[in-house]
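Colleague: Before we discuss the side chains, could you put the model up, so that we can go through its rings and its surface together?

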Amino acid sequence: MSNQMQVTKYGSRKRNQTLSNAGVYAFLGIGSIIMLVPLVWMVESSLKTSGQFLTTQLSLAFPKNPQWNNYIQRIWEMEPPLQRGIVNSIIIAVSCVLVGTFVSALASFSYAKLRFPGKDKLFLAELATMMIPFSVIMIPQFIIYAKIGWVNSWWPLIIPGMLGNVSMIFFLRQYMSGIPTSMIESARIDGAGFFRIFLQIMLPNAKPAIAAQAILWFMGAWNDYFAPSIYLNDDKLLTVQVMIARLNAMYAINTDYPLLLAASVVALLPILIVFMVFQKQIIASVAMTGLK
């Protein structure tokens, strides 16, 4: 009798778990469709003519005569040139991420493994800056950069990023705290300095977390619109996001929306490619940090 009751309870529990999993999958599936619909609409609308777009704006059907010339030729003939904005965005994003990631990793190592006076207070002070909205410091920051002649240049977009990223420092500190301290102590006994320990022990062990954070940072820097729109005025210096906004003001008058959508798809492609290639590293890094 007791065995029969245990079997019944097990079957009921398994059935409830199956129903729960089905509900979760259904919810995630609906959410995925909702997020993918705008992307699909943008791609298929970019292959239409202006007339087709105005008559079938909300249609998700693939056009019968796709205008591949929008991608092959027309977007590269826009003024200002879209390719210049792409190159500018690459220079700014890569400069910030390469130097800023190294500085952030070095700071994370210091907070995680080194001992110095005021370490915890300094770390909490850095975390407190994450609570300050950019809109609060936007005007004072602009005045400072204007006084030193940085407005209408890339320096306000590159230099602060090269000094590190607070959220990345917090993430890497949590990750590096899980690396055994005994490895550092052994290296110190063998005569290794802290910088050598950082390069030869901490960096290789924290490579998945550093790679994931660098990828996410690159995506954020590439998609940044607000800061470049404040500091950049010269068409030769504009990032791709600001350039598309400027083009929108020009080409929307002629209702050439497919051309603008094609430019938006091209600007989105690098981020999609980066995420699709490195999504396993991003997910694995977050999962490992959560376990630690």
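**Aromatic pairs and surroundings**

Modeller: Phe 53 is buried, because its relative accessibility is 6%, and I add that this is a predicted model.

Colleague: How many aromatic pairs are there by this rule?

Modeller: Rings are paired here if their centres lie within 6.5 Å. By this rule the count of aromatic pairs comes to 15.

Colleague: Is the pair of Trp 41 and Phe 53 stacked, edge-to-face or tilted?

Modeller: Planes under 30 degrees apart count as stacked and those over 60 as edge-to-face, with the rest in a third class. The ring centres of Trp 41 and Phe 53 are 6.0 Å apart and their planes stand at 55°, so the pair is tilted.

Colleague: How many residues apart in sequence are the parts that this pair of Trp 41 and Phe 53 ties together?

Modeller: Trp 41 is partly exposed, with a relative accessible area of 25%, whereas Phe 53 is buried at 6%. Trp 41 belongs to helix 1 (residues 2-45) and Phe 53 to helix 2 (residues 50-55), so the parts tied together by the pair are separated in sequence by 12 residues.

Colleague: Which helices does the pair of Phe 102 and Phe 198 link?

Modeller: Phe 102 and Phe 198 form an edge-to-face pair, at 5.7 Å centre to centre and with 75° between the planes. The pair links distant parts of the chain, 96 residues apart, with Phe 102 in helix 4 and Phe 198 in helix 10.

Colleague: Is Phe 198 buried or exposed?

Modeller: Its partner Phe 102 has 36% relative accessibility and counts as partly exposed. Phe 198 has a relative accessible area of 0%, which lies under the 20% limit, so this residue is buried.

Colleague: Which residues form one aromatic cluster with Phe 102?

Modeller: The pair of Phe 102 and Phe 198 is edge-to-face, and both rings belong to one aromatic cluster. The other members joined with Phe 102 and Phe 198 are Phe 109 and Phe 195.

Colleague: Over which ring does the charged end of Arg 188 sit?

Modeller: Arg 173 lies over the face of Phe 123, at 4.3 Å from the ring centre. The charged end of Arg 188 sits 4.2 Å from the centre of another ring, that of Phe 194.

Colleague: Which residues does Gln 213 touch, not counting those up to four places away in sequence?

Modeller: Gln 213 lies in helix 11 (residues 207-223) and is buried, at 11% relative accessibility. Beyond its sequence neighbours, Gln 213 touches Ser 167, Met 168, Phe 171 and Leu 172.

Terms used:
Residues are numbered from 1 along each chain as its sequence is written. This is a predicted model: local features need pLDDT of at least 70, side-chain atom pairs count only at pLDDT 80 or more; totals for chains, interfaces and linings use all residues. Side-chain values use heavy atoms; hydrogens and water are left out. Helices (H or I, at least four residues) and strands (E, at least two) are DSSP runs, numbered from the N terminus. Buried means under 20% relative accessible area, exposed over 50%, partly exposed in between (1.4 Å probe, protein chains only). Contact means heavy atoms within 4.5 Å. A charge sits over a ring if NZ of Lys or CZ of Arg is within 6 Å of the ring centre and within 35 degrees of the ring normal.
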